[in-house]
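Work through the exercises below with the model open. Each has a task and a solution in steps.

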Amino acid sequence: MTNKVNQSLIDMALVDRVQKTFASSYGHAPTHLVQAPGRVNLIGEHTDYNGGFVLPCAINYQTIVASTARKDNLIRIIAVDYGNQTDEFDLSQEIAFQHDRMWPNYIRGVVVCLLSRGWSFAGADLVVSGNIPQGAGLSSSAALGVAIGQTFKELYNLAINGVDIALNAQQAENDFVGCNSGIMDQMISVKGEQGRALMLDCRSLEAQSVAMPNNTAVVIVNSNKKRGLVDSEYNARRFQCEQSAAFFKVPALRDVTLEMFESKSAELDSVLVKRVRHVITENHRTQLAAELLRQGDLVKMGQLMAESHHSMRYDFEITVPEIDTLVEIIQSAIGDRGGVRMTGGGFGGCVVSLIPADLVSAVKDAVEENYEQQTGLEPSIYVCKASGGAGLIQGMSASPRL
């Protein structure tokens with residue numbers, strides 16, 4: 001069944017821009033318009049590729065793809081956000097990695113992986129744009145991968161389900177693009193629900209919907225600190241976790257109990273001790289946070305978010321001074337009425353705060369008055385709503401044009 005997305009959570013100016021670009025470039029209107037959302041992770045950082053637990057929600061910022069099926073094997077793409085740059089490739093030929101620019105590889109990789117999984121389809125004309133801040137840790141790349149997978153599902157009535165679209169997009173990032181991301185970003189982009197977070201077991205892919213408390217705001221602040229080290233350091237952290245799992249002789253760090261860790265930590269390299277401690281404690285915090293969110297207990301949820309940030313700062317060592325400053329500014333503004341922590345891969349990017357709606361103005365004021373003064377960087381503030389997952393935007397066709 002095709003998921004149709006409520007237009008009230010879509011930036012219709014973005015939709016209009018994509019449609020107009022498509023019509024002016026290809027000479028006709030698109031037959032399909034698909035969106036896939038970015039995400040913010042409320043708690044559970046760097047636990048996904050360790051087989052653990054995460055608690056993200058999809059947000060009302062998205063990637064949008066306008067499309068029409070072709071009768072040949074040609075795929076043509078226009079990237080609005082890159083000055084209408086184009087890419088073109090033929091499904092009947094080898095689809096090569098592009099070394100001179102990166103954005104086409106996220107699309108090429110999804111197509112390559114769909115074909116390798118046995119799906120059959122012809123070409124397409126595509127226009128892609130989005131309003132998810134790039135490089136901010138809000139999963140713009142995962143949203144793009146999911147949106148492309150969803151687009152081919154809709155164009156050609158592929159009998160592919162949401163989980164497989166997510167797994168395909170993850171494979172494209174891992175194997176084609178070369179970033180060893182976990183499954184969280186793609187899964188929440190597929191499975192997001194309006195007004196709800198998602199408690200995801202990244203091993204079994206079992207997902208539990210968790211209602212967000214009424215009158216609660218998700219405020220994301222982009223530090224605008226350039227995340228130059230994120231790919232190399234992300235891969236390094238993942239390798240450290242794999243080393244540690246091998247030391248404990250388990251498939252993943254999710255399988256290491258606190259008792260196992262304490263009994264053997266003296267034999268482990270001191271850096272790896274810190275990495276393991278973060279994953280173990282973060283998994284515990286995430287499971288507890290899902291229950292606290294259901295209960296509407298923002299005070300205890302805030303305490304867990306503070307502990308999570310401390311662990312990322314000192315055990316996983318993925319924060320930077322600008323992020324820590326931003327967390328301190330927001331924490332001072334909200335006191336014990338909510339929580340704030342870094343979110344995303346680290347080394348810059350965003351912080352997320354979960355707060356009563358009546359504190360939004362206080363948080364915005366505190367950030368605007370203090371952050372640039374202390375860091376020299378201008379923040380970007382996004383007040384978000386938990387939103388639905390990938391699908392057709394209402395009003396667009398669901399029938400293929402073959």
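The exercises cover the overall fold, the nonpolar cores and the pockets of this predicted model.

**Exercise 1. Overall form**

Task: Decide how the compactness of the chain compares with that of a globular protein of its length.

Solution:
- Step 1. Start with the secondary structure: the chain holds 11 helices and 13 strands.
- Step 2. The radius of gyration is 21 Å, close to the 21 Å that the globule rule gives for 402 residues, so the chain is as compact as a globular protein of that length.
- Step 3. For the outer dimensions, the C-alpha atoms fill a box of roughly 60 × 50 × 40 Å along the principal axes.
- Step 4. Burial counts residues under 20% relative accessible area; by that cut-off, 58% of the 402 residues are buried.
- Step 5. Of the contacts between residues at least 6 apart in sequence, 74% join residues at least 24 apart.

**Exercise 2. Nonpolar cores**

Task: Find which residues of the largest nonpolar core touch the most other members, and list the contacts of I220 outside its neighbours within four places in sequence.

Solution:
- Step 1. Recall the background: in soluble globular proteins, nonpolar side chains tend to be buried together.
- Step 2. The largest nonpolar core has 78 residues, and L55, F152 and I220 touch the most other members.
- Step 3. Strand β3, residues 53-69, gives the most to this core, with 9 residues.
- Step 4. With neighbours within four places in sequence set aside, I220 contacts V40, I59, L138, C350, V351, V352, S380, I381, Y382 and C384.
- Step 5. Another core lies apart from the largest one; its 39 residues include Y234, V250, A366 and Y371.

**Exercise 3. Two pockets**

Task: Describe the largest pocket and the second largest pocket by volume, central residues and lining.

Solution:
- Step 1. The volume of the largest pocket is about 1100 Å³. Its lining has 49 residues, of which Y106, G135, S140, S141 and E173 are the closest to the centre.
- Step 2. Helix α6 (residues 230-248) supplies the largest share of that lining, 4 residues. By class, the lining of the largest pocket has 20 nonpolar, 21 polar and 8 charged residues.
- Step 3. The second largest pocket has a volume of about 170 Å³. Among its 12 lining residues, G195, T216, C384, K385 and A386 are the closest to the centre.
- Step 4. Strands β9 (216-222) and β12 (380-384) each give at least two residues to the lining of the second largest pocket, and β9 has the largest share, 3 residues.
- Step 5. The lining of the second largest pocket divides into 8 nonpolar, 3 polar and 1 charged residues.

Technical notes
Residues numbered from 1 in each chain as written. Predicted model: local features only at pLDDT ≥ 70, side-chain atom pairs only at ≥ 80, totals over all residues. Heavy atoms only, no water. 1 Å grid on protein atoms, 1.4 Å probe; cavity = no way out; pocket = protein on both sides within 12 Å on 5 of 7 lines; lining within 4 Å. Points joined across faces, edges and corners; volume = space filled by probe spheres on them. Nonpolar A, V, L, I, M, F, W, Y, C, P; charged D, E, K, R; others polar. Core = buried A, V, L, I, M, F, W, Y, C linked by side-chain atoms within 4.5 Å. Buried < 20%, exposed > 50% of the residue type's maximum accessible area, 1.4 Å probe, protein only. Contact = heavy atoms within 4.5 Å. Rg over C-alpha atoms; globule rule 2.2 N^0.38 Å.
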